[in-house]
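Student: I've got the model loaded and I'd like to talk through how its helices pack. Mind if I just fire questions at you?

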Amino acid sequence: MNRETSLSQFKSSRVLITGHTGFKGSWLSLWLSELGAEVYGLSNGIPSRPSHYECSSINERVNDIRIDIRNLPSIESHIKKVRPDFVFHLAAQPLVLASYKNPIYTFETNTLGTINLLEALRQIDSKCVAVIITSDKCYENQEWIWGYKETDRLGGADPYSASKAAAEIAINCYTKSFLSKEGPLRLGIARAGNVIGGGDWGENRLVPDCMRAAAKKELITLRNPHSTRPWQHVLEPLSGYINLALSLKKSNQHHGEAFNFAAMQINNYTVEELVENMSNSWQDIKWNEKKSSLPSPHEFQNLQLNCEKARSLLHWDSVWDLKNTISNTVNWYRHFYEGRSNGMESFSIKQISDYVNCAKQKSLTWAL
């Protein structure tokens, strides 16, 4: 296997992760740290208490830098100091419902924050690979039964989705106006959504709400029990981001392109089906039979991605089926809530190792 396509490329590299204290960002920080990278994190704070970032002692592994992604001078200053080999941009206001409460902050963080990072990156003069993460909700939702392709129209009926679509337009603008293929920066866009996994305590999110309720032996009321999503473990899209970064490091062929990363179609379950399956792993998960089927404003019933481009061009694929996704997620929370919170670092590392071994068994390029 060519070394340019292996995980060893991260050893001793300088990796900058924005939003490293968040759910996805903390798992990515831990994974890359285990690969031997020197990880620098930019964040304006820890989004929840408890958090995967603290539970897994990630704060002891990374160079923790507290800044607001909306502060351009600070971003420029730190990127000049770090001179990163890789950048993963995950900093965001990630919640649809929260975007209704504070749309200005959502646009400032998700759209202007991305523009600030792009402006800082275009000033660098050393080789760098950047993966900008947006969302599956950047697509203009038509309630299709098939998956959205990277060439489908962007748009957003809610502030969160619109902010992500606007960020994508800005990325495309910067790529075409300032960031040529021949320059030192190679950039890719990653779209993913609806991840689950241990250590997520976000508000108004299905799995965290279920786990908090189970720990207290309370009932959970399902907001949209019939909504269908392609549920995937948090490590699935992260492997896609890593795969895309390695591809860009090897070649500028896909510079400026977007890639979808989502679970296999068999993981498309309704909210109620997901909770039923989780209850098989933790019987304390119980839900209210008086469920509301009324969606929140602009919350769609169907949303899935077509990942054929990533499979064809990057040789990426999802690894865990829904059974493994659920069992690894529920086991993480049970381990935490049953009083073993001091061992979450090793528990998280073990799940990453198990995931990579499964990817190797499937002969996925990035894992070999």
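Student: Which residues in helix 11 do Val207, Pro208, Met211, Arg212 and Ala215 of helix 7 meet?
Tutor: Quick warning: this is a predicted model, where local features need pLDDT of at least 70 and side-chain atom pairs pLDDT 80 or more, while totals for chains, interfaces and linings use all residues. Numbering starts from 1 along each chain as its sequence is written, and side-chain values use heavy atoms, without hydrogens or water. Helices are DSSP runs (H or I, at least four residues; strands are E, at least two), numbered from the N terminus, and contact means heavy atoms within 4.5 Å. On that basis, the helix 11 partners of those five helix 7 residues are Thr329, Val330, Tyr333 and Tyr337.

Student: And how many residues of that helix 7 and helix 11 contact are nonpolar?
Tutor: Here Ala, Val, Leu, Ile, Met, Phe, Trp, Tyr, Cys and Pro count as nonpolar, Asp, Glu, Lys and Arg as charged, and the others, Gly among them, as polar. Between helix 7 and helix 11, the contact has one polar residue and one charged residue, and its nonpolar count is seven.

Student: What's the orientation of helix 7 and helix 11 to each other?
Tutor: Helix 7 (residues 206-215) and helix 11 (residues 322-337) have axes 11 Å apart, at an angle of about 40°. Axes are fitted to C-alpha atoms over the stretch in contact, with angles from 0 to 180 degrees between N-to-C directions. Under 35 degrees is roughly parallel, over 145 roughly antiparallel, 65 to 115 roughly perpendicular and the rest oblique. Helix 7 and helix 11 are therefore oblique.

Student: Helix 11 has another neighbour, helix 12. How are helix 11 and helix 12 oriented to each other?
Tutor: The axes of helix 11 and helix 12 (residues 344-361) come within 11 Å and cross at roughly 170°. With that angle, helix 11 and helix 12 are therefore roughly antiparallel.

Student: Which helix 12 residues meet helix 11?
Tutor: From helix 11, the contact uses Asn328, Asn331, Trp332, His335 and Phe336. Together with their helix 12 partners they divide into four nonpolar, five polar and no charged residues. On the helix 12 side, the partners are Met344, Phe347, Ser348 and Gln351.

Student: What about helix 5 and helix 6: at what angle do their axes cross?
Tutor: Helix 5 covers residues 103-121 and helix 6 covers residues 159-177. Their axes come within 9 Å and cross at roughly 15°.

Student: How many charged residues are in the contact of helix 5 with helix 6?
Tutor: That angle makes helix 5 roughly parallel to helix 6. Among the residues in contact are Phe107, Asn110, Thr114 and Glu119 of helix 5, facing Tyr160, Lys164, Ala167 and Tyr174, among others, of helix 6. The contact divides into 12 nonpolar and five polar residues, with a charged count of two.

Student: Now the backbone. Which residue is joined to arginine 49 by a cis peptide bond?
Tutor: Most peptide bonds are trans. This one has omega of about 0°, and the partner lies in the loop between strand 2 (38-43) and helix 2 (52-55). Arginine 49 is joined in cis to proline 50.

Student: And what is the phi of arginine 83?
Tutor: Arginine 83 sits in the loop between helix 3 (72-82) and strand 4 (86-89). Most residues other than glycine have a negative phi. Arginine 83 is not a glycine, yet its phi is positive, at about 50°.
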